[in-house]
Amino acid sequence: MTPTTLSLIITLQDGTRRIFPLNSNRVSLGRSADNDLAYPEDAVLSRRHLLLEYDMGDWHALDLGSKNGTTYNGERLAQRTKLLSGDRLVAGRVTLQYQDPAQAMEKTVMFVRDEFESTMVGNSVVTSLDKLVGGSASSIEQALNAGIITGAARIQALMEAGRELSGHRPLAELFEVILDLAIKSVGARRGMLATVDNGHLSVRAFRGEGLRVSEAVRDRVLTTRASMLVEDVHADEILKASHTIVAQSVRRLMAVPLQTKDEVIGLIYVDSNDLLRRFTAEDLNLLTVMANVAAIRIENARLVEVEQAERVLTKEIEQAADIQRNLLPREAPAIASLDVDGLSIPCRSVGGDYFDYLRLSGNRLGVIVGDVAGKGMSAALLMSSLQARVQVLSEEVDDLAQFLTRLNRSVSATCPGNRFITFFIAVIDAATGDFTYANAGHNPPYLVRADGRLESLRGGGPVLGVLKAMQYGAFQGRLDRGDMIVMYSDGATEAVASDGEEFGEERFEEALRQTAGLSSSEVLALLQQRLEQFMGVAPSADDLTLVAVRRL
């Protein structure tokens, strides 16, 4: 049985958070109700998406072959992986953060490890923001009115901090200003400002040669939100044994948390070996309040930078979406005896689905549908690359087997290891109705006969981008008068309703049987309507592409 102190911090898309104790040896997550962590409303999750297992004293994460995958600290979870405290897993719209108190100290960046306990005794002075201002975020005025800060020099230092922190500075510059203010306000010789980012302590600014922070001091400040002053290190039985402090000839030190209303985002540390200048409890109060004001300013600056980055990203995505829309056919080609139409709807601003037409000699039409694994910007870039390669090789479509073989060789040369592309191409003779097709792992299109019968265009090879030396084959078919070919991406058959059920091939086939006498555009409208009715309010989890070609 696992220790009850182990837990997951679960964060949902709406910001809701809860702690899930890891009291068993296995925890499953997915849409299905039989999971330990079930989220049936999350259409991005697979029915059984992720498994956490306790084995040989450690927890491990394993993606269960989910459709949309799991990320581990920002990277795709490709194999069973041991978890360390602070690791983040994202499955669907659910974020899991693994917490192991025994590993927490190891996970945080350490400047040096000392052989003593983190509980401080002796001549230490300890306070906290809670004691000074009742735990609420303070302002300069509140601190002064409450009498927390006394003495003309300290009041002037706090006022100066207020002026310096009221402007709009870049975050990197803000760290430097805060540390300089802290050192100046208490007369320290050296100092360091660090922030906690994803479980790690990152140094943002420092002053002084060879500065290292005792682990005991650091952990006390970060874990208990305590502001700590040690007036004489050599009089403290525990600290004077610290190799870190002794080696640096530190006489006195202060460390305070960078604390907002309810969160510690880092710390400020200052020290001195000056025998004449002593740190006092009033200095500690000043530094505590100053750190609180600085923490709020840091968080605001972070939000500003995030908002600016999001605006830039949004603009770039909008431009990318415009470019991608222009890459896809704006209208169907006008060819006698063929009624053609197609549509592609990304589930995000940009997507990885692709369709295209090739006007060929001899009254022939090439029709292409492709699907890049994944969604978003990376899939869109691969889609654009695929289209360019198709255009380069388009003169070779008289031999579709050779065309697809060369296309796969070209795609495999640059395709990332965790990506692949499904691809289907058909070349139709408008005069005779004869067509040739080749398939690289794509959903087999349907041949809808004029009398309503359905035939699946089977045959083909594996997806593009995986097996560079693969040789593909071509297959033959015929469109009689009134017959239609319907090509689609898996966003159609794998569309998911709010209860987690997929649209499936049976519903798709049922809709196709009702298309007799409809034009290609009417067929696409009917299919799209059926999908929207089935999904209801559930968001699209995948790109959708539909192409129909009917012989008149």
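The accessible surface of the protein adds up to about 25,100 Å², and carbon and sulfur atoms own 51% of that. The model is a predicted one, so the numbers here are computed from its atoms under the cut-offs that go with it. Of the 552 residues in the protein, 51% are buried. The fold is built from 13 helices and 27 strands. As for how the chain meets itself, take the contacts between residues at least 6 apart in sequence: 63% of them join residues at least 24 apart.

Moving to the N-terminal part, strand β1 (residues 7-11) is mostly covered, with four of its five residues buried. β1 has antiparallel pairing with β2 (residues 17-21), over five bridges, and here Ser7 sits opposite Pro21. Five residues lie between the two strands of this hairpin, and Gly15 takes a positive phi there, near 90 degrees. β1 is also joined to strand β11 (residues 94-99), again by five bridges and in the antiparallel sense. In that pairing, Leu8 faces Tyr98 of β11. In general, strands of a sheet pair through backbone hydrogen bonds, either parallel or antiparallel.

Next comes an open sheet of five strands, which mixes its pairing and runs in the order β4-β3-β5-β6-β9. The edges are taken by β4 (37-38) and β9 (81-82), each of which pairs on one side only. Further in, β5 (residues 50-55) and β6 (residues 58-63) run antiparallel and are joined by six bridges. One of the partnerships here is Leu50 with Asp63 of β6.

The loop between β4 and β5 holds Asp42, a residue worth a closer look. Asp42 counts as buried because its relative accessible area is 4%, under the 20% cut-off. What surrounds Asp42, leaving aside residues up to four places away in sequence? The residues touched are Arg31, Ala91, Gly92, Arg93 and Val94. One of these neighbours also offers a polar approach: the backbone nitrogen of Arg93 lies 2.7 Å from a polar atom of the Asp42 side chain. Val94, also on the list of residues that Asp42 touches, falls within the residue range of β11 (residues 94-99), the strand that is bridged to β1.

Helix α5 (residues 171-186) is where Lys184 is found. Is Lys184 buried or exposed? Lys184 is classed as exposed because its relative accessibility is 59%, and the cut-off for that class is over 50%. Along the chain, Lys184 and Ala157 are 27 residues apart, and their C-alpha atoms are separated by 8.2 Å.

Finally, there is a nonpolar patch on the surface, formed by Phe420, Val466 and Leu467, with about 260 Å² of accessible area together. Where does Phe420 sit? Its place is the loop that runs between α10 (400-414) and β21 (421-429). Phe420 is partly exposed, since its relative accessible area comes to 33%, which puts it between the 20% and 50% cut-offs.

Key. Residues are numbered from 1 along each chain as its sequence is written. This is a predicted model: local features need pLDDT of at least 70, side-chain atom pairs count only at pLDDT 80 or more; totals for chains, interfaces and linings use all residues. Side-chain values use heavy atoms; hydrogens and water are left out. Two strands pair if DSSP finds at least two bridges between them. Buried means under 20% relative accessible area, exposed over 50%, partly exposed in between (1.4 Å probe, protein chains only). A polar contact is a pair of N or O atoms within 3.5 Å; within protein, one must be able to donate a hydrogen and the other to accept it, and residues adjacent in sequence count only if both atoms are side-chain atoms. Contact means heavy atoms within 4.5 Å. Patches are made of residues with over 30% relative accessible area and no salt bridge: like charges are joined within 9 Å, nonpolar side chains (Val, Leu, Ile, Met, Phe, Trp, Tyr) within 5 Å. Accessible areas come from the Shrake-Rupley method with a 1.4 Å probe; for residues, only the protein chains shown count as cover. A salt bridge is a side-chain nitrogen of Lys or Arg within 4 Å of a carboxyl oxygen of Asp or Glu.
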